[in-house]
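Subject: Structure for you to look at

Dear colleague,

I am handing over the structure we spoke about, and I would be glad if you could look through it alongside my notes.

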Amino acid sequence: MALLSTGPIENNISMDTGIRPTQTVTVKIDNPDSVNVFSVLLLGYYLDGVRTLYVEELFNVLPNQVITKDYNANFDGFEFTFSTADLAAAEAQISVWGKNLEGDLIAAHRLVSNELLGALGATGVTGATGVTGATGVTGVTGATGATGVTGATGVTGVTGATGVIGDTGATGVTGVTGVTGATGVTGVTGATGATGATGATGVIGDTGATGVTGVTGATGDTGVTGATGATGVTGATGDTGATGVTGATGVTGVTGDTGATGVTGATGATGVTGATGDTGATGVTGATGDTGATGVTGATGVTGVTGDTGATGVTGATGATGVTGATGDTGATGVTGATGVTGVTGDTGATGVTGATGATGVTGATGDTGATGVTGATGVTGVTGDTGATGVTGATGATEVTPSNQIYVSNNGSSDVSVIDGSTNAVTATIPVDNGPAGVGVNPNTNLIYVANSGSNSVSVISILSNTVTATVPVGSTPVGVGINPNTNLIYVSNEGSDNVSVIDGLTNTVIATVTAGSVPDGIGVNPTTNQIYVANAGSSSVSVIDGFTNTVVATIPVGATPQFGVGVNAITNLIYVANNGSSDVSVIDGTTNTVTATVPVGSGAQGVSVNSNTNLIYVTSDSGNNVSVINGNTNTVITTIAVGASSFGVGVNPLTNAIYVANSGSDNVSVISGNTNTVIATVTVDSSPFGIGILP
């Protein structure tokens, strides 16, 4: 997919003429391809401090077709973007032409295809990968070059003669360490052998033919993957060149002579050990003396008074120790018997003299190191084999596109949502939700659908990409209407039973504010340009205007009797259309002054309202008249009435296809009206009691 843009175009009011130079924009789209169709999604924005979407249209451009479209451009600034896809998209030619009131071209606002700003669009979900082509045959590996001859090993230098070992010197004083011999000179390094020549590179094999690309599937469902092209034969691998001869190894230098080892000094003689003297005879043990009589034990002294015991818990100070009684006299010790005489110890023999240590001999000089041999030459590198041919690339799978032209119908009686494909007018999915689904809102920026469940006081959040409920948000009592501001990603839900409006943050799926409205709030509409929200109060026959910046009611506008489900907004003209069920008419409100500027009679029991801003036509359903009134927004008059199914209720418009969808609650079906002919072109059966309609262009 490619994305082209005009970039922001300034269109301020001229000081000379008092009007903007460009009043309308003409877009031309040309498909020069004679076979293939491509699609273009056109988005138009007007710029007034914020970037607001006001045109969204999808074109399928046939071979050799030229499409011309005119759009309102009476703004201070505007910008158009073009998203292209399909096989012929690369040949798309698009131009944008600004025109004044007379229809003349404005040179400054002329952009042709090669002047549009190009950029890669967001990549859609990748389709299934085509089958990978078979791998080409691997080329024959070239023969390995012959290994170069290893150079001859250099001659090993002669080992120096070992010096004569001297006699071992006598042990005693250590001799002085001999001087270390000088290190022999290092031999010269042999020259490096020449590098062998590199073998020639093998010839690259031919690339296999590219397989035919598979047919692109229809938009939506993934197309069948094209057949994988045959794998090209891999070219033969060239022979590996012979390995170059290895150069001869250089001669090893002569090893220097080893210096002579110094003479070891003689070990001195060990002195003679003296003879051990004789052990003297043990003396006779003397007789044990008589034990003296035990002396009289002295009288035991009087025991001193025991001190008081300290209190339990914290240990008190220890009481004073009583006075120790006087020790009685020790009896006289008996006379100790005389100790026998100890025998005489024999003399110890004299220790012999230790001989002197001989001096250490001088260390011989180290011999010279032999020269290093020459390194042999490196062998020649073998020839590189040919690279095999690349296999044929498999066909690319079809790219999955985001759904478009989808219609979402809430079925109040069966508690589900029917999904209708606008290109085939067939039901493609049915999504269960909570009890009593009513109003439906679509945010095309986030690909999310919001459904008010009147029977369970909740809002179901549905993903367009998966057609599944991704969140359920509790709100007030009996929610009915849903309105969305895609610029702020806020969702507004009218709660009939609690007379208020819940404000949901689309990023967090939580209620961030609750705004008190009139009695029995029902239908709800949003102007994303002014950020104003309009709530029809069926019980008080009025419309509450909520400021989206402050979430407060800034005006209350009296309208006809019992306005219910229908509130439509034209963001370009800033006009609001309110269907009054009790008085069977439509109130037209000027959003600038918040006053009713016209009242248009319509069919009996006016119910739903939807606006096509591109054609400025308003469609109003009648639940008791079983028809749709078409109002011209320029004249505020009904220009035709179209018969539809029983009890027509909700209504929605696809501005890109100019198709109108009407939910017929009494006949369980949806009428599809062509906005070009104002006739019913299809009737689609859905589930029980269809109520609300939401459109994804």
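Below is what was found, beginning with how the values were obtained.

This is a predicted model, in which local features need pLDDT of at least 70 and side-chain atom pairs count only at pLDDT 80 or more, while totals for chains, interfaces and linings use all residues. Residues are numbered from 1 along each chain as its sequence is written, and side-chain values use heavy atoms, with hydrogens and water left out.

The largest nonpolar core (buried Ala, Val, Leu, Ile, Met, Phe, Trp, Tyr and Cys residues joined through side-chain atoms within 4.5 Å; buried means under 20% relative accessible area with a 1.4 Å probe, protein chains only) has 24 residues, of which Val-27, Ile-29, Leu-42, Phe-80 and Phe-82 touch the most other members. A second, separate core of 14 residues includes Ala-579 and Val-600.

Strands here are DSSP runs of E with at least two residues, numbered from the N terminus, and two of them pair if DSSP finds at least two bridges between them. Strand E27 (residues 575-580) is joined to E28 by six bridges in an antiparallel arrangement, with Ala-579 opposite Val-586. These two strands form a hairpin with four residues between them, and Ser-584 in the turn has a positive phi of about 50 degrees. Strand E28 (residues 585-590) has five of its six residues buried, so it is largely enclosed by the rest of the structure.

Further along, four strands form an open antiparallel sheet in the order E30-E31-E32-E33. Strands E30 (606-612) and E33 (637-643) each have a single partner strand, so one side of each is left without a neighbour in the sheet.

Best wishes

Note on methods. Buried means under 20% relative accessible area, exposed over 50%, partly exposed in between (1.4 Å probe, protein chains only).
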